[in-house]
Amino acid sequence: MNATRIFIGGRVLRLCAEASTMRPERLAIATRDGRICALGREAERLRAAAGDEVLDLGGRLVTPGLIDCHTHIIYAGSRADEAERRLAGESYTTIARGGGGILRTVASCKGLDESRLLEAALPRVDALLSEGVTTLEIKSGYGLTLDAELMLLRAARAVAARRPVSVSTTYLAAHALPPAYPGGADAFIERLCLQDLPAVAASGLADAVDGYCEAFAFSAAQIARLFERARALGLPVKLHADQLSDMQGAALAARYGALSADHLEYTDAASVAALARSGSVAVLLPGAYYFLRERHPPPVQALRAAGVPIAVATDCNPGTSPLSSLLTAMNLAAVQFGLTSSECLAGVTREAARALGLAADRGTIECGKWCDLAVWNVDSPAELVHALGARPLQQRIWHGRSV
Ligand code: DI6
Ligand code: FE
């Protein structure tokens, strides 16, 4: 049996439902085999046995390791010029309809193997890790052919082999229609259902399936077909829903028991109620809202009132959210959407874990869960939200090891 390691001297924010979210407790955390094996009110209660290792966190604030539950971090190329065009007055939709947008990144990724895709993404991954991220969701979606999508998913899985971080992968099957696709969007969805989705499921490379439900992408009816097939194959679903218009995407996600419905700027009251019933997490993506200079925020007060769990993520992607800072995403969620610091912190830990279907083993500091922690040089938790560029992380602990 491996030795027990005990972290003492931390002011611990467990973030579990029963602990007051923003008041840290003086707790010792014992870890063995990467998991939390004991939590004690005082170091004495966890007195070290011979061979145990004791590490003093020096009175620092300790939170669960952060979880970025929505990224498209595996991509090549830049679309900074499209950002300039948007600032000059063109819309994201116009640029996308003209062959820019997602299709441009698909072209940049074309022909790149797993290692080239991985090398392109690692600086962004490292930026997230330097802010205390210990679990990261990564979507495919810049391939559009089965082989290219599998390549992106392999590159996503390879991140976990190259860095001390957990990766959850999502097959973003219906992201954009390949140019001049014979038969159009319905025929593409048909191919996904008959060929690509079963092959991806068999590969074991995807933990969930996602789609982009927008006027210039896929309709709710098309996404419903995809979700039927995903469900039959035993894969959980999540959805890019109601970002630029009310497509009834959140209601659709709720109907399929989605792990999460993401964006939600235009989600209506009935759809909020449907999310509350389904238990799906509302993942807010304030980076996309910021970069697109949107003016219609998601219905935060309605989500709160209905008791829908709210997560916050970067949406790291080259077009609508070139953001590789989860701390910045928290600040944007607070400033733009009015989330409290407590909601922001729960949104990148407990609720983010739920959005990935991983709440049983991460997202809070509790016995039996992975010992994934972030140790901070700040006095109060709110400082993590209400600062930009402060680099507050002192150390990241992943599966019980300081990394
Ligand atoms: N996530 C997406 O997949 C799209 N928007 C979003 O928030 C498009 C991303 C892109 O433009 O590449
Ligand atoms: Fe996205």
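This short presentation covers the metal site, the bound ligand, the cavity and the pockets of one structure.

Good morning. Please bear in mind throughout that the model is predicted.

I shall begin with the iron ion, ligand 2. Four residues coordinate the iron ion: His70, His72 and His240, each through NE2, and Asp315 through OD. The distances run from 2.1 to 2.2 Å. Along the sequence, the spacing of these donors reads H-x1-H-x167-H-x74-D. Two of the donors deserve a closer look. His70 sits in the loop that joins strand E6 (66–68) to helix H1 (80–87), while His240 belongs to strand E10 (residues 237–241), so this pair ties together parts lying 170 residues apart in sequence. Are these two histidines buried or exposed? His70 has 0% relative accessibility and therefore counts as buried. His240, at 4% relative accessibility, counts as buried because the limit for that class is under 20%.

I turn next to ligand 1. This ligand is surrounded by 14 residues, and the closest are Arg79, Tyr92, Tyr142, His175 and Asp315. Asp315 has already appeared, as a donor to the iron ion. Which side chains place an N or O atom by an oxygen atom of ligand 1? One is that of Arg79, at 2.7 Å. Another is that of His175, where the separation is 2.6 Å. A nitrogen atom of ligand 1, in turn, lies 3.3 Å from an N or O atom in the side chain of His72. His72 is also one of the residues that coordinate the iron ion.

The next topic is enclosed space. How many cavities of 30 Å³ or more does a search of the whole structure find? The search finds one. The volume of the largest cavity is about 120 Å³. Its lining consists of 14 residues, with Tyr92, His175, Tyr212, Asn317 and Thr320 closest to the centre. Tyr92 and His175 were also named among the closest residues to ligand 1. By class, the cavity lining comprises eight polar, four nonpolar and two charged residues.

Let me now move to the open pockets. The largest pocket holds about 310 Å³ of space. Its lining has 18 residues, and those nearest the centre are Val106, Lys110, Gly143, Thr145 and Ala148. Two helices, H3 (102–109) and H5 (146–162), each contribute at least two lining residues. Of the elements, H3 gives the most, with four residues. The class counts for this lining are 13 nonpolar, three polar and two charged.

The second largest pocket has a volume of about 180 Å³. Among its 13 lining residues, Ala96, Arg97, Leu103, Ala176 and Phe216 are the closest to the centre. Helix H2 (92–97) and H3 are the elements that give two or more residues to this lining. Here H2 gives the most, with three residues. H3 thus contributes to the linings of both pockets. By class, the second lining divides into nine nonpolar residues, three polar and one charged.

I close with Asp246, which is found in the loop between E10 and helix H8 (249–255). E10 is also the strand that holds His240. With 35% relative accessibility, Asp246 counts as partly exposed. Its C-alpha atom is separated by 7.4 Å from that of Asp268, a residue 22 positions away along the chain.

Thank you for your attention.

How values were computed
Residues numbered from 1 in each chain as written. Chains lettered and ligands numbered in written order. Predicted model: local features only at pLDDT ≥ 70, side-chain atom pairs only at ≥ 80, totals over all residues. Heavy atoms only, no water. 1 Å grid on protein atoms, 1.4 Å probe; cavity = no way out; pocket = protein on both sides within 12 Å on 5 of 7 lines; lining within 4 Å. Points joined across faces, edges and corners; volume = space filled by probe spheres on them. Nonpolar A, V, L, I, M, F, W, Y, C, P; charged D, E, K, R; others polar. Donors = N, O, S within 2.8 Å, 3.2 Å for Na, K, Ca; no water. Buried < 20%, exposed > 50% of the residue type's maximum accessible area, 1.4 Å probe, protein only. Near = heavy atom within 4 Å. Polar contact = N/O pair within 3.5 Å; in protein donor to acceptor, adjacent residues only side chain to side chain.
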